[in-house]
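Q: I have a protein model open and would like to go through it with you. Could you take me through the fold, the inside and one loop residue?

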Amino acid sequence: MKRRAGEREKRMKKKKLLEELGKDRLPYMTPVDADFHQLWKSRYSKLIFRKSDTVPEELHQMVQEAFLTLREHDCFFQDLVRIKGKDFVTPVSRILIGNPGYTYKYLNTRLFTVPWPTVGYDIKYCSPQIHDVCKALIRLNDYLHIEAVKALQNLVETKEINDTTVIDGEQNFATSLAEKESISKDESSCCVQADNYISLKNRTSYNMTLLNYMDPLQMLYLKQEPYFGMGDMAVSWHHDENLVERSTVAVYSYSCEGSAMAESDEEILKGRDPAVWHVGLKVAWDIETPGLAMPLHQGDCYLMLDDLNMTHQHCVLAGFSPRFSSTHRVADVEFEWLRQFWFQGKRYLKCTDWWLKPIAKLEEFWRKMEIMTSLVLSEFRKEEQIEEQRAKTIRCFLLVLTERQRLRKEWTARCQSEAAESLPEDQKPECHPLWTDDECNMSLPYDLEEVIADLQNLVQWVE
């Protein structure tokens, strides 16, 4: 309910903003504008940019080879997402790589990590090349973690982090983490510093990376940026979802500039060069502050520090050439796993079968939950309970079963949607768990309508 209310609020804000604009467009700046750096410093200072020549050449080579290997193995997949109650296939193809057992959810679709090599886990990859890819991305992850710590330290020193109550502690521990200095042995200060250490670590210790790939020239249509007139969008305006609060997002960008024009031959009179990929930023739901469009070239990196992901929105503006990116995040671990996993089809088997065992174990627990649900329903039909208490319990249980039935219908429809049918065979969603009434190993029917109707009649009779 909260998610649907949040989506309605966003739609209303967007509608109001577009109504206020009418046919006008908001101003935005690129590095060619005289006031660009002043705008960046004053309103977008928590966006940190690292040009490619500041990144070690060896790391560039490893990561860029990893991108190309994943593409050669057909390991980038268009996701089937849900927006405003409808299913769409994303123009950007993605794969999630990270800690074993972690997931990332966006637009009502959960992605499951291809696990990178981790001590204590036996991970079998489908080829040595996929193993090397995951090792390269761990190297990039470690590098971006160190860069994020340095950037946060600098932000603390300039007093720009909003929570001033932890500035001093975070400054101490940003320095400590970056330079590996020892923590004070004083007992009272150690407790305070330890809390701040945990806070900083939680906000920069990336546990996954969402990799993206898109070739704009293969797209039949790209949505136009609606507020500033920035041109073709690969990814619309958004906040990154389901992350640890105020955690840093780090992005490594690699556009294959040799395969298309690096820059447009046309004279650019105003705005961004449409041949070059950009990241766009704006203050959320604000029509006063000009937007920012930052060009992205081969091997450039950027960091979104502290609360920037909450107070601002960002988009990705397409250029002419194919582009890869690796977006490193500190994600929350959530539920809704079984149907979300099978909704991805068999795509993960191209890299590893690691997820099959934990998902099978989870399904065992789910089947036990179905049995317990059936036993509870049997108890409701006994008349030994006090009628008032019995009716109250049934009403509570009705809410649970009604929501379960609603979600089963929704997922069945998603798996059979036109967008789902358009996917390659090995990526088409599987509606699982799914069973018929004839299957005697299930304690309850898949369709719960009759069970819900019986409970509704029972609660009316009790009352």
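A: Before the totals, one term: a residue is buried if its relative accessible area is under 20%, exposed if over 50%, and partly exposed in between, with a 1.4 Å probe and protein chains only. On that basis, 50% of the 463 residues of the protein count as buried.

Q: Ok, and what kind of model is this, and how are the residues numbered?

A: It is a predicted model, in which local features need pLDDT of at least 70 and side-chain atom pairs count only at pLDDT 80 or more, while totals for chains, interfaces and linings use all residues. Residues are numbered from 1 along each chain as its sequence is written, and side-chain values use heavy atoms, with hydrogens and water left out.

Q: How many helices and strands are there?

A: The protein has 12 helices and 15 strands, where helices (H or I, at least four residues) and strands (E, at least two) are DSSP runs numbered from the N terminus.

Q: How much area does the protein expose?

A: About 24100 Å² is exposed, and carbon and sulfur atoms supply 53% of it; such areas come from the Shrake-Rupley method with a 1.4 Å probe, and for residues only the protein chains shown count as cover.

Q: Let's look at a sheet. What is the strand order in the open one with 5 strands?

A: The order in that open sheet is 1-12-11-14-9, with mixed pairing, and two strands pair if DSSP finds at least two bridges between them. Its edge strands are strand 1 and strand 9 (233-238), each of which pairs on one side only.

Q: Which way does strand 12 run against strand 1?

A: Strand 1 (residues 28-29) and strand 12 run parallel and are joined by 2 bridges, with tyrosine 28 standing opposite glycine 291.

Q: And strand 11, parallel or antiparallel to strand 12?

A: Strand 11 (residues 278-283) pairs with strand 12 in the antiparallel sense over 4 bridges, and here glycine 280 has alanine 293 as its bridge partner. Strand 11 also pairs with strand 14 (residues 312-317), in the antiparallel sense over 6 bridges, where valine 283 stands opposite histidine 312.

Q: Is strand 12 itself buried or exposed?

A: Strand 12 (residues 291-295) is mostly covered, with 5 of its 5 residues buried. Gly291, Ala293 and Pro295 point one way, Leu292 and Met294 point the other way, and all are buried.

Q: Changing topic, how many cavities does the search find?

A: It finds 3 cavities of 30 Å³ or more, and the largest has a volume of about 60 Å³. A cavity here is a set of points, on a 1 Å grid over the protein atoms alone, where a 1.4 Å probe fits but cannot get out, and lining residues have an atom within 4 Å of a point.

Q: Which residues line the largest one?

A: The lining of the largest cavity includes Phe77, Arg94, Ile95, Leu96, Arg347, Tyr348 and Cys351. Strand 4 (86-98) and strand 6 (109-112) each supply at least two lining residues, and the largest share, 3 residues, comes from strand 4.

Q: Last one: where does histidine 432 lie?

A: Histidine 432 lies in the loop between helix 11 (418-421) and helix 12 (449-462).

Q: Why does it count as partly exposed?

A: Histidine 432 counts as partly exposed because its relative accessible area is 24%.

Q: What is it in contact with?

A: Leaving aside neighbours within four places in sequence, histidine 432 is in contact with Leu338, Arg339, Trp342 and Glu363, contact meaning heavy atoms within 4.5 Å. The C-alpha atoms of histidine 432 and arginine 339 are separated by 5.9 Å, although these residues are 93 residues apart along the chain.

Methods. On a 1 Å grid over the protein atoms alone, a cavity is a set of points where a 1.4 Å probe fits but cannot get out, and a pocket is an open set with protein on both sides within 12 Å along at least five of seven lines; lining residues have an atom within 4 Å of a point. Grid points are joined across faces, edges and corners, and a volume is the space filled by probe spheres set on the points.
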